[in-house]
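Q: I'd like to learn how to read a structure like this one. Could you walk me through it, one feature at a time?

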Amino acid sequence: MGNGNKAQMKRERNAKAGTEAKSQLKINVASKTIQCKVCFQTFMCTSKVPELTLHADNKHSKTLLECFPEHKENETKSDNKPNAKVSGKK
Ligand SMILES: [Zn+2]
């Protein structure tokens with residue numbers, strides 16, 4: 001009757017793999033957030049520049065880049081996109 005035991009072990013192993021996949025998903029979600037360098041408050045990656053500027057100004061009387069240094073890259077990237085589209089061949 002060792003077969004039934006084996007099947008159960010397999011099932012437990014599968015359940016464990018499921019939780020591991022879930023924790024990986026959590027990491028991916030975390031990397032998609034924007035964090036204020038001053039108070040470590042997190043914002044959704046979809047937060048718009050005016051929202052973040054408002055937080056920096058109201059909470060810390062600082063500029064956007066002082067609270068969210070990485071956000072400048074995102075901004076310049078999206079600025080470059082329309083230009084590339086215009087110069088790109090069809
Ligand atoms: Zn802050």
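Q: What is the mean pLDDT of the chain, and what share of its residues reach 70 or more?
A: This is a predicted model, so confidence is a good place to begin. Where pLDDT is low, the predicted coordinates should not be read in detail. Here the chain has a mean pLDDT of 75, with 54% of its residues at 70 or more.

Q: Which elements have the lowest and the highest mean pLDDT?
A: Helix α4 (residues 71-87) is lowest among the elements, with a mean of 53, while α2 is highest at 95. Residues 75-81 have pLDDT below 50, and that stretch makes 1 contact in the model beyond near neighbours in sequence.

Q: In what order do the elements run from the N terminus?
A: They go α-β-β-α-α-α, made up of 4 helices and 2 strands.

Q: How far apart should the ends of helix α2 be?
A: An α-helix has 3.6 residues a turn, so residues three or four places apart point the same way. As for length, α2 covers residues 49-60, and at 1.5 Å a residue its 12 residues should span 16 Å; the end C-alpha atoms are 16 Å apart, which agrees. Just after α2 comes Ser-61, with a positive phi near 55 degrees.

Q: What feature does UniProt place at residues 35-70?
A: The unreviewed UniProt entry lists "domain: At2g23090-like zinc-binding" there. In the model, residues 35-70 are 44% helix and 11% strand, and their end C-alpha atoms lie 9 Å apart.

Q: And what percentage of the chain's residues count as buried?
A: Of its 90 residues, 4% do. Among contacts with a separation of 6 or more, 26% come from residues 24 or more positions apart.

How values were computed. Residues numbered from 1 in each chain as written. Predicted model: local features only at pLDDT ≥ 70, side-chain atom pairs only at ≥ 80, totals over all residues. UniProt positions renumbered as here; feature names shortened; annotations may be inferred. Expected span 1.5 Å × (residues − 1). Buried ≥ 20, exposed ≤ 12 C-beta atoms within 10 Å, placed from the backbone. Contact = placed C-beta atoms within 7 Å. pLDDT = per-residue confidence, 0-100.
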